[in-house]
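Biologist: I have a sequence and a structure to look at, and I would like to learn how to read them. Could we go through the features one by one?

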Amino acid sequence: MSGHVIDLETPLKFAYWVPNVSGGLVVSTIEQRTNWEFEYNKKLARIAENSGFEYALTQTRYAASYGADKQHEATSFSLALLMATERLKVISAVHPGMWHPGVLAKFIITADHLSGGRAAVNIVSGWLKDEFVNFGLEWLEHDERYVRTEEFINALRGLWTQQGYSQSGKYYNISDFTLNPAPLDVPGRAHPEIFFGGNSTAAQAAAGRTADWYFSNGRDLEPFKDNIRGVLAAAQDGRTAPQAPRFGLNGFVIARETEKEAQDTLREIIAKAHRPAVEGFAAAVKEAGQSTKDGKGMWEDSTFEDLVQYNDGFRTKLIGTPEQIAERIVEYKKIGVNLFLTGYLHFQEEVEAFGRDVLPIVRELEADLARKNGTELRTDLLPVTSFAEVNA
């Protein structure tokens with residue numbers, strides 16, 4: 001990754017998956033003390049922002065999938081969480097093809113004003129074919145979905161940052177359009193942040209050209225280096241975003257007192273997997289990475305065990321003692337990861353435990369790493385971790 005400067009001064013950022021879908025984050029009959037309804041999620045969001053988490057990502061799904069038979073719509077749920085918190089940034093996952101970019105841009109501007117500048121989006125190109133076909137919407141093949149996504153992101157950014165914006169494309173034609181008010185002017189942010197996910201060659205190229213943040217399914221260190229290289233190569237050729245891309249990675253966290261306890265929990269999750277639901281999900285995601293010309297992309301080589309956590313979260317290996325997990329996290333920082341998107345069995349208690357037991361070790365290791373490389377960790381950029389500190 002020649003030319004890629006690893007940011008050792010900025011503290012890692014942490015996000016969690018909003019469990020706005022029933023059944024938790026693993027497709028297993030193991031106990032998951034997690035609830036998809038709003039009251040649970042409101043409390044979870046407040047726990048998270050007081051535990052050092054800066055972001056939450058609300059999942060989007062219209063038809064039931066991966067064993068989840070109930071799900072709340074992402075943008076409205078995100079807005080409710082924004083109104084229930086003080087500092088947490090909430091990322092709404094949205095599909096091009098389900099939204100017009102101008103309508104979404106207007107919605108996010110309103111959410112941004114209501115929340116004091118904390119709204120963000122994650123653009124999901126869409127792999128669940130039944131959702132589009134059964135809604136009577138156009139279904140595009142894999143790489144063509146990223147052509148549309150790239151136009152969609154350009155339209156969002158243009159409408160958020162320009163007066164009289166125009167865009168002529170294959171999927172969107174916008175003429176001399178102005179959205180007022182504009183998003184809030186937040187220091188260090190050109191506009192509401194645009195996250196974008198996908199492991200395929202087409203996804204990496206689109207992210208490199210357009211996205212503020214590139215999200216990936218769970219990956220081991222070496223495979224994720226390849227993703228970073230692909231995004232950065234595209235970023236050198238025609239990038240439209242105002243800043244260099246940053247990198248986020250999914251990981252399912254199992255932090256226990258001993259490594260054996262953590263590994264035993266992982267084995268139990270897999271042993272109790274809901275096989276029909278996992279196999280149904282595996283069949284649906286053939287429209288993702290496996291359908292690409294080069295066979296690369298999300299879930300292209302995922303095993304049954306990987307898909308029990310439906311975004312390959314076990315592959316990141318955040319499983320062990322707090323010390324082991326913190327060390328693993330900082331190894332990813334060394335290759336260029338800026339943010340971790342985390343999932344848990346028991347969200348409220350485990351998010352709080354992560355902030356209490358894992359994050360302090362991460363911060364110590366980050367500070368040591370910075371010093372060894374002749375710089376200092378920007379502790380002024382660390383998130384506030386309790387209301388007591390806010391009011392002090």
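Modeller: What follows is a conversation about strands, a buried side chain, salt bridges and aromatic rings in this model, which is a predicted one.

Biologist: Let me begin with the strands. Which strands does strand 1 pair with, and in which sense, parallel or antiparallel?

Modeller: Look for the neighbours on each side of the strand and for the bridges that join them. Strand 1, residues 13-18, is joined by four bridges to strand 2, and these two run parallel. Strand 1 also pairs with strand 11, residues 339-343, again in the parallel sense and over four bridges. To find these pairings in the picture, you can start from Val18, whose bridge partner in strand 2 is Thr58, and then go to Ala15, which stands opposite Leu341 in strand 11.

Biologist: How many of the residues of strand 1 are buried?

Modeller: Six of its six residues are buried, so that the strand is described as mostly covered. The chain then passes through helix 1, residues 38-50, and together strand 1, helix 1 and strand 2 make a right-handed β-α-β unit.

Biologist: Where else does a crossover of this kind appear, and what is its hand?

Modeller: Turn to strand 8 and strand 9, which pair in the parallel sense over four bridges, with Ser216 standing opposite Leu249 in strand 9. The chain crosses from strand 8 through helix 7 to strand 9, and this β-α-β crossover is right-handed. Strand 9, residues 246-255, is mostly covered, with eight of its 10 residues buried. Strand 9 is also joined to strand 11 by five bridges, the two running parallel, and here Gly251 stands opposite Thr342. With strand 10, residues 318-320, strand 9 pairs in the parallel sense over three bridges, and Ala255 stands opposite Gly320 there.

Biologist: Now a single side chain: is Gln59 buried or exposed, and what does its side chain reach?

Modeller: For a residue like this one, read the accessibility and then the contacts. Gln59 is in the loop between strand 2 and helix 2, and its relative accessibility is 4%, so it counts as buried, the cut-off being under 20%. The side chain of Gln59 reaches the backbone oxygen of Val18 at 2.9 Å, and it also makes a polar contact with the side chain of Tyr310, at 3.1 Å.

Biologist: I would like to understand salt bridges next. How many does the structure hold?

Modeller: The general idea is that side chains of opposite charge can pair when their charged atoms come close. The structure holds 28 salt bridges. One of them joins the side chains of Arg189 and Asp112, at 2.7 Å from N to O. Arg189 lies in the loop between strand 6 and strand 7, while Asp112 lies in helix 3, so the pair ties together parts that are 77 residues apart in sequence. Arg189 is buried, with a relative accessible area of 13%, and Asp112 is buried too, at 0%.

Biologist: What are the settings of Asp220 and Arg328, which form another salt bridge?

Modeller: The closest N and O atoms of Asp220 and Arg328 are 2.6 Å apart. Asp220 lies in the loop between strand 8 and helix 7 and Arg328 in helix 11, so this pair ties together parts that are 108 residues apart in sequence. Asp220 is partly exposed at 27%, whereas Arg328, at 16%, counts as buried.

Biologist: Finally, how should I read the aromatic rings, and how many aromatic pairs are counted?

Modeller: For each pair, read the distance between the ring centres and then the angle between the planes. The count comes to 20 aromatic pairs. The rings of Tyr62 and Phe135 have centres 5.9 Å apart and planes at 70°, so the pair is edge-to-face, an angle over 60 degrees being the condition. Tyr62 lies in the loop between strand 2 and helix 2, and Phe135 in the loop between helix 4 and helix 5, so the pair ties together parts that are 73 residues apart in sequence. Tyr62 itself is partly exposed, at 33%.

Biologist: Which residues form an aromatic cluster?

Modeller: One cluster is formed by Phe14, Tyr16, Phe53, Tyr332, Phe340, Tyr344, Phe347 and Phe354. A ring can also be read together with a charge, as with Arg275, which lies over the face of Phe304 at 4.0 Å from the ring centre.

Key: Residues numbered from 1 in each chain as written. Predicted model: local features only at pLDDT ≥ 70, side-chain atom pairs only at ≥ 80, totals over all residues. Heavy atoms only, no water. Phe/Tyr/Trp six-rings, centres within 6.5 Å; stacked < 30°, edge-to-face > 60°. Buried < 20%, exposed > 50% of the residue type's maximum accessible area, 1.4 Å probe, protein only. Lys NZ or Arg CZ within 6 Å of the ring centre and 35° of its normal. Polar contact = N/O pair within 3.5 Å; in protein donor to acceptor, adjacent residues only side chain to side chain. Pairing = 2+ DSSP bridges. Right-handed = clockwise from strand over helix to strand, strands pointing away. Salt bridge = Lys/Arg side-chain N within 4 Å of Asp/Glu carboxyl O.
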